[in-house]
Each structure stands twice: as C-alpha cells, then as structure tokens.
Amino acid sequence: MTAGTPHSAPARAVSGAPQIRSRILPFPVTGQELVLIGVIAVLWTALGFMTSSFLTPGSLQPLLTSVAPIALIGVGMTIVIITGGIDISVAAALMVTSVVTAKLLVDGGLPLLPAMLISMALGAALGSLNGLLIAFGRVHAIIITFGTANLFLFLGLRIFGSATVNGIPDTFAFFGRGEAGRTAGVPHSFFITLLVAAAAWWYLRHTPGGRHFFAVGGDMEAARLAGVRVKRQLLIAYTLTGLLVGLAACFTIALGTSTLDQSVGSGRELAVIAAVVIGGTSILGGRGSVLGTVLGALLVQSVASGVTQLGWPSQLADLFVGLFIIIAVGADILRQRARRKP
C-alpha cells in the first residue's frame with residue numbers, strides 16, 4: 001500500500017450525494033437540498049397568506065434565533081451520523097453546560113468570552129467522553145450515548161440542586177433576542193451558526209480529513225484497511241459535537257430570561273436528529289449535508305412557529321415533523337436499494 005493511500009482511497013469512497021449547479025445559488029447543492037429550499041419557500045408563502053404576522057421581523061427574528069442552537073448542534077450531529085453513529089446525549093449535555101455556565105455567570109460574574117470558552121470546553125469534554133467510549137469500547141453509539149445521556153442528566157440535576165438558577169446577568173445579550181443580539185435584523189446567533197455550517201461544509205467537501213468521515217461511515221473496515229485512523233475520526237466527531245453543544249448552551253441562556261430551570265435542553269436531541277435526517281443525512285452513514293441540516297432545522301422550527309401562530313393544536317407540529325422524517329428516511333432507503341442493484 002502506497003503512502004498516498006490514506007488520502008486517496010477514502011476520498012473516492014462515499015463523499016455525499018451528487019451535486020447540482022444552480023443558476024440562482026452561488027454554490028452547488030444536492031437534490032435533497034433543492035427540495036427543502038422549495039418546501040420552505042412554499043411553506044413560508046402559505047403561512048404568509050394564512051397569517052399576516054408570519055412574514056414580519058417580529059416573527060422571523062425569533063424564528064431564526066430559535067433555529068440557531070438546533071442547527072448548530074445539528075452540524076456536529078451530521079458529522080456523527082455520517083460516520084455511522086448517533087448521539088442522543090446532546091440534550092443532557094446541553095443541560096449540564098447551560099447550568100454550569102449560568103452558575104458561573106451568577107457567582108463569578110464572568111465576561112462573555114471566558115464564559116463562552118468554559119462552556120465550549122465543558123461541552124467538548126462531555127463529547128470526548130462519548131468519543132472515547134465509542135472509539136475504544138467497540139459498543140454501538142446508541143448504547144453508549146443512551147448511557148451517558150442518563151449520566152449527564154443526573155449530573156445536571158445534581159448541579160441544579162432542585163432549584164432554578166436566578167439572577168443570570170445579560171452577559172450573552174449579544175446572542176439574545178433584543179437589538180443588541182441582531183445586526184441588519186438578523187440574529188447574531190444565526191450568523192454564527194451559518195459561519196460554522198459553512199466551515200464544516202468546506203472541510204467535509206474539500207479536505208482529506210473531512211472525506212475520511214464519509215469513508216468511515218461508508219465502510220469502517222475498508223476505511224481502516226485504507227489507512228484511515230478510524231478511532232481518531234470518531235473521537236473528533238463526538239468531541240466537535242460536544243464543543244458545539246457548549247456554544248449552543250450560550251445561545252440557549254441568551255434566549256431565556258434571567259432564570260434557568262431544569263427543563264433546559266429537554267427534547268432537543270429529537271429536534272436535532274429530525275433536522276439532520278430531514279436535511280438528507282443518511283441514518284445508515286456515509287452520506288450527509290450540513291447545508292441540508294440547517295435547512296432541516298429551519299423547516300422544523302417553521303412548522304412549529306406556523307402551527308402556534310395559526311392557533312392549531314401543538315401536537316400537529318409533531319405530526320408534520322414525523323411525516324417529514326418518515327419521507328426522508330424512506331427516500332434514503334430507496335436510494336440505498338437502487339445503488340445496490342446491478
């Protein structure tokens with residue numbers, strides 16, 4: 001095996017769905033991404049006709065602010081699922097990082113940057129624990145992260161101590177809902193999420209290290225034989241996801257008032273996984289798109305916001321999102337079967 005094998009062979013493995021050049025968009029997109037853009041455009045147009053308040057800054061700005069933490073964690077989750085894994089501990093990790101960071105803000109009066117770095121470092125530590133156990137324990141990711149989810153949840157509840165965290169200062173106002181949290185009407189948290197997604201998109205598509213994630217998810221044993229350091233790639237994927245959870249904790253604290261309770265993060269893992277799957281990332285591994293994940297998160301939150309503004313029962317949002325997931329997974333299975341046919 002030549003010295004160039006570790007870079008060349010995995011790069012020719014599964015690197016994602018075929019790209020389509022659009023005359024409108026300045027970058028190539030997949031068919032799934034084009035469909036999502038069309039669905040979101042139709043949904044927004046319909047909601048704009050059904051309720052006059054939807055297409056207003058007072059509605060769209062909170063929508064983008066709520067999309068940011070889901071899409072941000074979704075970027076990391078996309079990489080994890082591309083490798084053939086999954087991380088269902090992100091909600092519990094978000095709880096831990098949020099309560100620790102909030103208590104540090106209250107007790108220590110930390111400024112924005114140190115508080116961000118501590119939150120991200122703590123999230124990365126929790127993620128690396130998952131990565132180490134999965135990479136070296138040879139146990140499926142869903143089992144490991146189910147166990148660590150319960151461990152993180154217990155830890156978060158102990159830190160809360162059966163009480164809310166009160167008197168949180170506005171240190172994270174830069175990520176918040178008010179004027180201080182927006183530029184040109186767009187929330188800073190959403191801007192940052194787009195920058196992170198763009199960097200991840202470039203890394204996955206244009207570097208050997210990024211393509212190695214696809215190789216691991218496409219065929220882990222073949223990737224190992226080709227020279228890919230599979231354990232390192234898995235560790236990086238879960239550590240990166242944890243780091244983004246830590247940053248999302250800062251966004252989450254900024255979304256609330258001066259109080260943080262034990263419900264923080266509850267159900268976020270389902271919203272994140274839904275965004276990733278609807279965005280076109282194969283649950284079987286080997287194929288995925290961070291742009292699709294951002295679009296998936298936008299679609300999920302748009303449905304939830306639209307249902308609320310129309311005064312419909314909140315359960316309908318879950319129904320619609322569930323249907324989107326079934327359609328996305330079904331389409332992925334059909335694509336996989338079509339590729340296996342001679």
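Start with helix H7 and select His188, Ser189, Phe190, Thr193, Ala197, Ala200, Leu204 and Arg205, which are buried in this helix. The model on screen is a predicted one.

Now show the surroundings of H7. The elements that cover its buried residues include three helices with lower or higher numbers to select in turn, H3 (57-82), H8 (208-218) and H10 (230-255), along with helix H12 (290-310) and the strands S1 (182-183) and S2 (186-187). To see the extent of H7 itself, select residues 188-206: this helix has 19 residues and reaches 27 Å from its first C-alpha to its last, close to the 27 Å expected at 1.5 Å a residue.

Keep H10, which is among the elements covering H7, and add helix H5 (residues 112-137). The axes of H5 and H10 come within 6 Å and cross at roughly 150°. Because angles over 145 degrees count as roughly antiparallel, H5 is roughly antiparallel to H10. The crossing of H5 past H10 is right-handed. Colour the contact between H5 and H10 by residue class, and 14 nonpolar, 9 polar and 1 charged residues should appear.

Next, go to H12, another element that covers buried residues of H7, and select Leu298, which lies in this helix. Is Leu298 buried or exposed? Its relative accessibility is 12%, so Leu298 counts as buried. Show the side chains of Ile40, Trp44, Leu64 and Val67: Leu298 is in contact with these residues, leaving aside its neighbours within four places in sequence.

Finally, draw a C-alpha to C-alpha distance from Leu298 to Ala68. These two residues are 230 residues apart in sequence and 8.9 Å apart in space.

Definitions and conventions:
Residues are numbered from 1 along each chain as its sequence is written. This is a predicted model: local features need pLDDT of at least 70, side-chain atom pairs count only at pLDDT 80 or more; totals for chains, interfaces and linings use all residues. Side-chain values use heavy atoms; hydrogens and water are left out. Helices (H or I, at least four residues) and strands (E, at least two) are DSSP runs, numbered from the N terminus. The expected span of a helix is 1.5 Å times one less than its number of residues. Buried means under 20% relative accessible area, exposed over 50%, partly exposed in between (1.4 Å probe, protein chains only). Contact means heavy atoms within 4.5 Å. Axes are lines fitted to C-alpha atoms, for helices over the stretch in contact, and angles run from 0 to 180 degrees between N-to-C directions. Angles under 35 degrees count as roughly parallel, over 145 as roughly antiparallel, 65 to 115 as roughly perpendicular and the rest as oblique. A crossing is left-handed if the near helix is turned anticlockwise from the far one by less than a right angle, and right-handed if clockwise. Ala, Val, Leu, Ile, Met, Phe, Trp, Tyr, Cys and Pro count as nonpolar, Asp, Glu, Lys and Arg as charged, and the others, Gly among them, as polar.
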